[in-house]
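Grab a pencil and work through these exercises one at a time. Try each task on your own before you read its solution.

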Amino acid sequence: ADLEARIPKDAPRREELLRAADNTIAVILSQQAEEGAVLAGHCFHLGYVRDQYGVCRALLRLGLTAQAKSLLEFHRRNFEAEGVVTNAHAVAYPGLRHVGENDGVEITGYLILEILEYCRMTGDWAYARQSEALMRWAYASQRRCLADNMLPFNGDETYIAGGVVPRQVMYHGSAEATLLFVEGSRRLIRFVREQGLWSAARIGAL
């Protein structure tokens with residue numbers, strides 16, 4: 001109903017758009033596990049950070065905020081239990097994870113962006129405070145990987161793992177991973193400053 005209210009009555013092909021949205025919701029929710037992760041495919045019982053970033057954005061824009069938060073909670077619980085978030089964590093098997101090369105970049109940028117995007121769209125800033133340790137870790141993971149003011153590719157990123165570009169370029173610098181770091185850091189600075197969570201010195205360093 002919320003989705004219907006947001007689409008103007010005179011929007012072109014409105015009914016077709018609403019049907020497409022309903023179908024999308026059905027497909028996504030049929031693949032969302034009780035733990036909150038959305039499967040990357042029927043044979044991949046793993047919650048991939050990269051894949052779920054796009055799904056989280058879709059859930060938020062479809063008005064499914066509870067489901068988006070459940071997805072975010074999957075990452076936060078794994079972080080609290082293991083002190084790290086890797087390329088993917090197994091669904092229903094705590095502690096089992098898929099580790100990729102350079103997991104300190106790209107996926108860590110997605111984590112910061114999706115948490116703050118969820119909070120911006122829902123007004124649930126208490127959740128960002130609850131996730132502050134995860135975001136602080138994600139930022140530090142990226143910062144450690146900076147070289148010549150750029151971040152490298154994540155080794156399981158489609159370009160590398162799919163063979164679109166050769167593996168030997170993995171450390172040549174990724175504009176995508178670097179942009180995620182820059183934008184995520186900007187939003188993180190704004191959040192911690194507004195919430196008074198970090199000292200001026202720590203914010204200045206960031």
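The expected span of a helix is 1.5 Å times one less than its number of residues. Keep that rule handy, and remember that the model you are looking at is predicted.

**Exercise 1. Helix H4, end to end**

Task: Find how far H4 reaches from its first C-alpha to its last, and compare that with the expected span.

Solution:
- Step 1: Count the residues, and you get 18 for H4.
- Step 2: Go from the first C-alpha to the last, and H4 reaches 26 Å.
- Step 3: Put this beside the expected value, which is 26 Å at 1.5 Å a residue, and the two are close.
- Step 4: Look just past the end, where H4 is followed by Gly83 with a positive phi near 75 degrees.

**Exercise 2. What H4 hides**

Task: Work out which residues of H4 are buried, and what covers them.

Solution:
- Step 1: Recall the cut-off, since buried means under 20% relative accessible area.
- Step 2: Pick out the buried residues of H4, which are Ala68, Leu71, Leu72, Glu73, Phe74, His75, Arg76, Asn78 and Phe79.
- Step 3: Keep a general idea in mind: an α-helix has 3.6 residues a turn, so residues three or four places apart point the same way.
- Step 4: Now see what lies over those buried residues: the cover includes strands E1 and E2 (88-90), along with helices H3, H5, H6 (125-130) and H7.

**Exercise 3. H3 and its partner**

Task: Describe H3, then say how H3 and H4 lie relative to each other.

Solution:
- Step 1: Start with H3 itself, residues 49-61, a helix of 13 residues that reaches 18 Å, close to the 18 Å expected.
- Step 2: List its buried residues: Val49, Arg50, Gln52, Tyr53, Val55, Cys56, Leu59 and Leu60. They pack against helix H2 (14-30), strand E1 (46-48), helix H4 (65-82) and helix H5 (107-122).
- Step 3: Check the axes of H3 and H4, which come within 8 Å and cross at roughly 160 degrees.
- Step 4: Angles over 145 degrees count as roughly antiparallel, so H3 and H4 are roughly antiparallel to each other. Their crossing is left-handed.
- Step 5: Find the contact residues. From H3, Val49, Gln52, Val55, Cys56, Leu59 and Leu60 meet Thr65, Gln67, Ala68, Leu71, Leu72, Phe74 and His75 in H4. Sorted by class, this contact has 9 nonpolar, 4 polar and no charged residues.
- Step 6: Finish just after H3, where Gly63 takes a positive phi of about 85 degrees.

**Exercise 4. H7 meets H9**

Task: Decide how H7 and H9 are oriented to each other, and name the residues that meet.

Solution:
- Step 1: Look at H7 alone: 13 residues, reaching 18 Å, close to the 18 Å expected.
- Step 2: Note the buried residues of H7, among them Leu134, Met135, Ala138 and Tyr139. Their cover includes H4, H5, H6, H9 and helix H10 (200-205).
- Step 3: Compare the axes of H7 (residues 132-144) and H9 (residues 175-195), which come within 11 Å and cross at roughly 140 degrees.
- Step 4: That angle makes H7 and H9 oblique to each other. H7 passes H9 in a left-handed crossing.
- Step 5: Name the meeting residues: Met135, Tyr139, Gln142 and Arg143 in H7, with Leu180, Phe181, Ser185, Leu188 and Phe191 in H9. By class, that contact has 6 nonpolar, 2 polar and 1 charged residues.

**Exercise 5. One tryptophan**

Task: Is Trp137 buried or exposed, and which residues does Trp137 touch?

Solution:
- Step 1: Place Trp137 in helix H7.
- Step 2: Trp137 has a relative accessible area of 17%, so Trp137 is buried.
- Step 3: Leave out residues up to four places away in sequence, and Trp137 touches Phe79, Gly83, Val84, Val85, Thr108 and Leu111.

**Exercise 6. Positive phi without glycine**

Task: What are the phi values of Arg13 and Ala92, and where do these residues sit?

Solution:
- Step 1: Start from the background: most residues other than glycine have a negative phi.
- Step 2: Arg13 has a positive phi near 55 degrees. Arg13 sits in the loop between helix H1 (2-6) and H2, and is exposed, with a relative accessible area of 61%.
- Step 3: Ala92 has a positive phi of about 75 degrees, although it is not a glycine. Ala92 lies in the loop between E2 and strand E3 (97-98), and is partly exposed at 49% relative accessible area.

How values were computed
Residues numbered from 1 in each chain as written. Predicted model: local features only at pLDDT ≥ 70, side-chain atom pairs only at ≥ 80, totals over all residues. Heavy atoms only, no water. Helix = DSSP H or I, 4+ residues; strand = E, 2+ residues; numbered from the N terminus. Buried < 20%, exposed > 50% of the residue type's maximum accessible area, 1.4 Å probe, protein only. Contact = heavy atoms within 4.5 Å. Axes fitted to C-alpha atoms, helices over the stretch in contact; angles between N-to-C directions. Parallel < 35°, antiparallel > 145°, perpendicular 65-115°, else oblique. Left-handed = near helix turned anticlockwise from the far one by under 90°. Nonpolar A, V, L, I, M, F, W, Y, C, P; charged D, E, K, R; others polar.
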